[in-house]
Amino acid sequence: MTAQLEVDLTSGVPAFEQIRAQVVAHVAAGRLVAGDRLPTIRALATDLGLAAGTVARAFRELEAEGVVETRRRAGTVIAEGASVPTDIARRAAETYVSAVRAAGLTDDEALVLVHGALLGSQRVTPTSTGSGSSSTPKVDRTPSRT
């Protein structure tokens with residue numbers, strides 16, 4: 001697997017959902033394609049500092065969505081024809097909204113970030129929308145461990 005997965009244990013979003021959403025995002029972006037092998041459950045759990053059951057739940061949900069499949073002897077791989085249907089995108093949006101709320105960002109600030117991502121911007125700094133404070137979301141790319 002060439003795409004990196006990270007988990008923020010301080011986030012309000014459950015770790016299994018962060019893993020699921022990141023795999024879906026990597027598939028949607030073309031960083032993971034059909035046949036790409038994901039790490040084993042134990043290896044990924046160790047790398048992320050999580051319980052194996054947490055990673056297993058993410059993999060089960062991905063399999064139920066048709067994003068991955070488990071092959072005998074080959075492990076868990078990206079499924080042939082895996083795509084990001086509307087319901088998966090909707091779940092990712094709901095996860096994003098939860099993270100935005102937990103970070104204390106306004107709806108306008110969240111939309112600026114989404115717009116920037118859609119345009120392929122590297123960094124977008126939202127401006128205050130009259131809430132009395134200016135907030136710049138901090139993105140931590142380091143996996144959190146417990």
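Trainee: Why is Ala79 called buried?

Mentor: Keep in mind that this is a predicted model. Ala79 has a relative accessible area of 6%, and buried means under 20%, so the label holds.

Trainee: Where is Ala79, and which residues is Ala79 in contact with, leaving aside neighbours within four places in sequence?

Mentor: Ala79 belongs to the loop between β2 and α4, the helix of residues 86-103. With those neighbours left aside, Ala79 is in contact with Ala34, Gly66, Val67, Val68 and Glu69. Contact means heavy atoms within 4.5 Å. As for Leu62, 17 residues away along the chain, its C-alpha atom and that of Ala79 are separated by 9.7 Å.

Trainee: Let me zoom out. How many helices and strands are there, and in what order do the elements run?

Mentor: The protein has 5 helices and 2 strands. Starting at the N terminus you read α-α-α-β-β-α-α.

Trainee: What share of the residues counts as buried, and what supplies the exposed area?

Mentor: 32% of the 146 residues count as buried. About 8,800 Å² is exposed, and 52% of that comes from carbon and sulfur atoms.

Trainee: On to charges. What makes Glu65 and Arg20 a salt bridge?

Mentor: Their side chains meet at 3.4 Å, N to O. The cut-off is 4 Å between a Lys or Arg side-chain nitrogen and an Asp or Glu carboxyl oxygen, so a pair under that value qualifies. Glu65 sits in the loop between α3 (52-64) and β1 (68-71) while Arg20 is in helix α1 (residues 15-29), so this bridge ties together parts that are 45 residues apart in sequence.

Trainee: Is Arg20 buried or exposed?

Mentor: Buried: its relative accessibility is 0%, and the limit for that word is under 20%.

Trainee: Why can such side chains pair in the first place?

Mentor: Side chains of opposite charge can do that when their charged atoms come close.

Trainee: How many salt bridges does a search of the whole structure find?

Mentor: The search gives 5. Asp107 and Arg101 form one of them, at 2.6 Å from N to O. Asp107 has a relative accessible area of 44%; partly exposed covers what lies between 20% and 50%, so that is its class. As for networks, Glu17, Arg20 and Glu65 are joined into one by salt bridges that share partners.

Trainee: What makes Arg57 and Glu61 a salt bridge, and where do they lie?

Mentor: Their closest N and O atoms are 3.4 Å apart, under the 4 Å cut-off. Both residues lie in helix α3, 4 residues apart, which is about one turn of the helix.

Trainee: How do you class the two partners, buried or exposed or in between?

Mentor: Glu61, with a relative accessible area of 18%, is buried. Arg57 is at 38%, so partly exposed fits.

Trainee: How do you know that the charged end of Arg57 sits over the ring of Phe16?

Mentor: That charged end is 3.7 Å from the ring's centre. The distance limit is 6 Å, and the charge must also be within 35 degrees of the ring normal. As for aromatic pairs, a search of the whole structure finds 0.

Trainee: Which residues touch the most other members of the largest nonpolar core?

Mentor: Ile19 and Val23, in a core of 22 residues. At least two residues come from each of α1, α2 (41-48) and α3, and α1 gives the most, with 6. If you skip neighbours within four places, Ile19 is in contact with Leu5, Val7, Leu44, Leu48, Leu50, Val55 and Ala58.

Trainee: Why is Arg73 called exposed?

Mentor: Its relative accessible area is 85%, and exposed means over 50%, so the word applies. Arg73 is in the loop between β1 and β2 (75-78). Its phi is near 70 degrees, a positive value in a residue other than glycine.

Trainee: What makes Leu38, a loop residue between α1 and α2, count as buried?

Mentor: Leu38 has 3% relative accessibility, against a limit of under 20%. The C-alpha atoms of Leu38 and Val77 are separated by 5.7 Å, though the two are 39 residues apart along the chain.

Note on methods
Residues numbered from 1 in each chain as written. Predicted model: local features only at pLDDT ≥ 70, side-chain atom pairs only at ≥ 80, totals over all residues. Heavy atoms only, no water. Buried < 20%, exposed > 50% of the residue type's maximum accessible area, 1.4 Å probe, protein only. Areas by Shrake-Rupley, 256 points an atom, 1.4 Å probe, with all protein chains shown as cover. Core = buried A, V, L, I, M, F, W, Y, C linked by side-chain atoms within 4.5 Å. Phe/Tyr/Trp six-rings, centres within 6.5 Å; stacked < 30°, edge-to-face > 60°.
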